[in-house]
Amino acid sequence: MNNCDKGAFFQPWKPGWLTRDKRRFVRRQAASLVVWPVVSLALGVLLWVVLFSMLDADRQRMEDDALRQATLLSATYAQQIGRNVAQLDQLTSVLKSVWENAESMRTLEEIQKKTGFIDNTILGISVADTDGIVTSTTIPGALGRSVSDRDDFRFHQSHPTPSLRIGPPLKSLLPETEIVVLSRRLDHPRGGFAGVIWASIDAAFLADFTNKSSLGATGVLALVGQDGVLRAAKLGGTVESALRPKVIQPDFLRAGPWIQGVSHASWFADGIRRYLASEQVPGYPLVAVVGLGAEDVFRPLQEIEANYRRIGAAGTAVFILFAIAATVMSLRLAWRKHCEETIRSTYRIATEGAKEGFFMWSPIYGKGDSIVDYEMVDCNERGASFYGLTRKDLIGSRLRQLYSGPLLQELLGVVTNVVEHGFHEEEYKTRSDTKLDATWINRRFVRAGENIAVTIRDIGERKQLEQEKSVLAEQDTLTALPNRHWLSRYLPLALERAGREGRFLATLFVDLDKFKIVNDSWGHSTGDQLLQAVAHRMQTVLRPDDRIARFGGDEFIVLLENIEREANAAEVAQRIVDALAQPFHIHRQEFLIGTSIGISLYPRDGQEAETLIRNADIAMYNAKADIGMRYHFFSDALFARLQRRWETERELARATENDEFIVHYQPRVSLRNGTLAGLEALVRWQHPVRGIVYPGDFIPAAESTGLILRLGEIVMDKVGAQLAQWRAEGMPLVPVSVNISGKQFNDGSVTGLVERCLQQYGLPASTIEVELTESTMATNAQQVAHELAALRAMGVSVHLDDFGTGYSSLAMLHSLDVDVLKVDRAFTSRLGRAEEGEVLFRAIISMAKALEMKVIAEGVESDGQLRILQQLGCEEVQGYLMSAPLPASEVRAFQVPVFGQAEAARASACDH
């Protein structure tokens, strides 16, 4: 054992005092006289290198800060210009609309007096007729001037676009003023060019974004069109002329509006380098450009450089003194420090952590002072237990006794690295042939003098916990299937393999059809058990190599690798559909849910995981809408259809804000006396581009987005207002029925909606009737019953629309106690064609009479249908035989067809 002698270094009277350890120490310390000055010199050089590097870094940082500041200012400037132009855009749009729709108001003064639209901060608003003559203006001296030769007038004259045009800068009629003109085309109500409207704004206003403190004395601010024309400019705190700029050169504008980085020498007349950034003005063909001058940017750098030089000089002096003191003291303290540090570091490392095993290895030298082995000179009991030995038995052992073969060579390589670098730490899984009693080990080596201190800690439990956490992180706790996190990791790797091997990969998006009904009606516990049963059943029909993951809620993703054609994916999808079509038995209850599946194929439908899942989701929604097919492959047509649906939803939201809806009224005729018995309110969307849009094209979108609630309020308000107007005109009122959606009943707002309408327009309850469908009754019977009871208590009649196409039962009809059954046109169309059609209708009328309900036949389109309905005792009819839906203006002129009187007499005779 080589222990450090802490006594005096020089002991020549003792035999063998100059041990091998002391000889090695002397060789190391002999160079100390040179080391410290060299180290000090190196530190001094390093200090200057660092200072100059810091100076360069400061310079680079200032450049980067200048670019970032320019970027921030340009973005802020772009946002401000965007807001200002948007206000003018809106102003000109409103003035255009007012001007085009006004019948007599044809001067800006009248518009300003009536509407207050025109902002006094704008230099002027002008309107020119089709010949280019200014017919109205707020600019003195401009009235009557011809502008037919101006580019913007000719542009609007030849381009029928309603969009705003931002023209180049012009010289104003006002002295020393440049303006930027924003213009719109005016159209006649029936089409055709009607003139141009202009809004003039001071170019200096567009440049009044920031002050000199932000731009600096040499900073530049510019507003450039995408056409390369300067609209406004500012240098420091001074606004530049946009028509004849003094500093900005043509090369700057020819460089294009998208400018980023350091300017060229030819861009500015003053020759100052500037750091430039540009930003697109949101929604308009303008680019905001900001440039910060290099003189302003680097002004603080001079003081920083002076401080660095002072620091360098002081540091150099300190290093010189340090070299002298270190050289003197090093030899005096080196030996004692060497001995004390060896002992201190050895025991400090060895005693760290009570759960760690520690060992002290001492080198064994061979010929030529080469290390041939290491001896275990010390250890603790915990360390000995790793080898299945006691401390007494382990001390004195050598590495070559404990290890052999590849393990020994690996360990000696680690030791060599420790001797060279002083430290090594690793975590590894032990091999089957090791003597260590652990599966995972954390091992740390520290060189302490000639010895090596080793600490070993068993981390098997921690590794096992990490592995369990990793598994749990990628496993759905409810179904034990892989989860979305696993899918995000696995699918990209699967796509990479499919790409390398040139194979297809199918992604199946599986969505359960009626799971929400089960979950809401029977509780989450039943829903959870149903999901577990679904997961198990799906696994039984998949191939061994197929993968399934729970994507979330009642959605699953199935991955099919190594498929050769599209039909393989269809086969698996059909097996899933068939399996989930079978009933599930949970808590002695039977549940039928079914599924819809969307399929996307790699590489046809996408190259990335997110794209494939999205496209499979799109295909799934198409399968859900297709009653005859429970799975669908993705196609571009599906995506286009979904985009059209999104566009409809966006336009529908706008339509509810802009009140683009009108109401038509279809008459209902009494078969008893041939008179007008009532009207059904039918909403129409008056689309600004597509024209009249019928309910079938937008009601589903309104239902899915929740806009049906707002649309229902709009329709009810329009019906109430129309009834009040008819009453004021002296027209006899008949009841008007309004269709109410299931979402309105679920929201619980129907009673309040009708009550507000009646109170607002002072109408009796008998003038408003409510229509609902059978599906509404079946979805939320309890809520619907509560609403209907409240409506009937108010005296409002309730109609059950499209009867015979839904799922209502006799018990439900009786409990809800509706007043009228409106039989669907599907039954009416069978009358006169086949005997069973008349039988079905007779059964419906008999049931209605038993329940004391009135019957209205929808879709009556022939005299034969009308005669049969009279014979069967139907009270009222509605359909194109009587009248198509009418605009409100045509209802007053409606006359019951001639057949009404004769048929009414026949019906009266039959009654008697």
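Let me start with one pair: the side chains of Arg-500 and Glu-496 meet in a salt bridge, at 3.3 Å from N to O. This is a predicted model, so please hear every value in that light. Both Arg-500 and Glu-496 belong to helix 15, residues 484–501, and they are four residues apart, about one turn of the helix. Are the two side chains buried or exposed? Arg-500 is exposed, at a relative accessible area of 57%. Glu-496 is partly exposed, with 46%.

How many salt bridges are there in total? The count comes to 42. I will take two further pairs and a network.

The next pair is Lys-718 with Asp-659, a side-chain salt bridge at 3.2 Å, N to O. Here distant parts of the chain are linked: Lys-718 sits in helix 22, residues 708–728, while Asp-659 sits in the loop between helix 20 (636–658) and strand 24 (661–670), and the two are 59 residues apart. On accessibility, Lys-718 is partly exposed with a relative accessible area of 23%. The cut-off for buried is under 20%, so 23% puts Lys-718 in the partly exposed class. Asp-659 is partly exposed too, at 42%.

The third pair is Glu-729 and Arg-892, with the closest N and O atoms 3.2 Å apart in a salt bridge. Where do these two lie? Glu-729 is in the loop between helix 22 and strand 27 (736–739), and Arg-892 is in the loop between helix 31 (888–891) and helix 32 (899–911), so the salt bridge ties together parts that are 163 residues apart in sequence. Glu-729 counts as partly exposed at 42% relative accessibility, and Arg-892 counts as partly exposed at 44%. Then there is the network: Asp-58, Arg-61, Asp-65 and Arg-68 are joined into one by salt bridges that share partners.

Now to helix packing. Two packed helices are described by the angle between their axes and the distance between the axes. Take helix 24, residues 750–761, and helix 26, residues 781–794: their axes come within 9 Å and cross at roughly 25°. Angles under 35 degrees count as roughly parallel, and therefore helix 24 and helix 26 are roughly parallel to each other. Which residues make the contact? From helix 24 they are Val-750, Thr-751, Val-754, Glu-755 and Leu-758, and they meet Glu-787, Ala-790, Leu-791 and Met-794 of helix 26. By type, the residues in this contact of helix 24 with helix 26 are six nonpolar, one polar and two charged.

The second helix pair is helix 16, residues 515–522, with helix 17, residues 524–541; the axes come within 6 Å and cross at roughly 145°. On the helix 16 side the contact is made by Phe-515, Val-518, Asn-519 and Trp-522, and on the helix 17 side by His-524, Thr-526, Gly-527, Leu-530 and Leu-531. The residues of the contact between helix 16 and helix 17 divide into five nonpolar, four polar and no charged.

Staying with helices, helix 30 covers residues 863–872, and Gln-865, Leu-866, Ile-868, Leu-869, Gln-870 and Leu-872 in it are buried. Gly-873 follows helix 30 and has a positive phi, near 85°.

On to cysteines. A disulfide is a covalent bond between the sulfur atoms of two cysteines. How many disulfides does the count give? It comes to zero. As for individual cysteines, Cys-757 is buried with a relative accessible area of 4%, and Cys-874 is buried with a relative accessible area of 4%.

Last, the backbone. Which peptide bond is worth a look for its omega? The bond from Tyr-602 to Pro-603 is cis, with omega near 5°. Pro-603 is located in the loop between strand 22 (595–602) and helix 19 (609–625).

There are also positive phi values at residues that are not glycine. Ala-480 has a phi of about 65°, and this residue is found in the loop between helix 14 (460–473) and helix 15. His-587 has a positive phi of about 55° and is not a glycine either. His-587 lies in the loop between strand 20 (584–586) and strand 21 (589–591).

That is the list.

Terms used: Residues numbered from 1 in each chain as written. Predicted model: local features only at pLDDT ≥ 70, side-chain atom pairs only at ≥ 80, totals over all residues. Heavy atoms only, no water. Salt bridge = Lys/Arg side-chain N within 4 Å of Asp/Glu carboxyl O. Buried < 20%, exposed > 50% of the residue type's maximum accessible area, 1.4 Å probe, protein only. Axes fitted to C-alpha atoms, helices over the stretch in contact; angles between N-to-C directions. Parallel < 35°, antiparallel > 145°, perpendicular 65-115°, else oblique. Contact = heavy atoms within 4.5 Å. Nonpolar A, V, L, I, M, F, W, Y, C, P; charged D, E, K, R; others polar. Disulfide = S-S within 2.5 Å.
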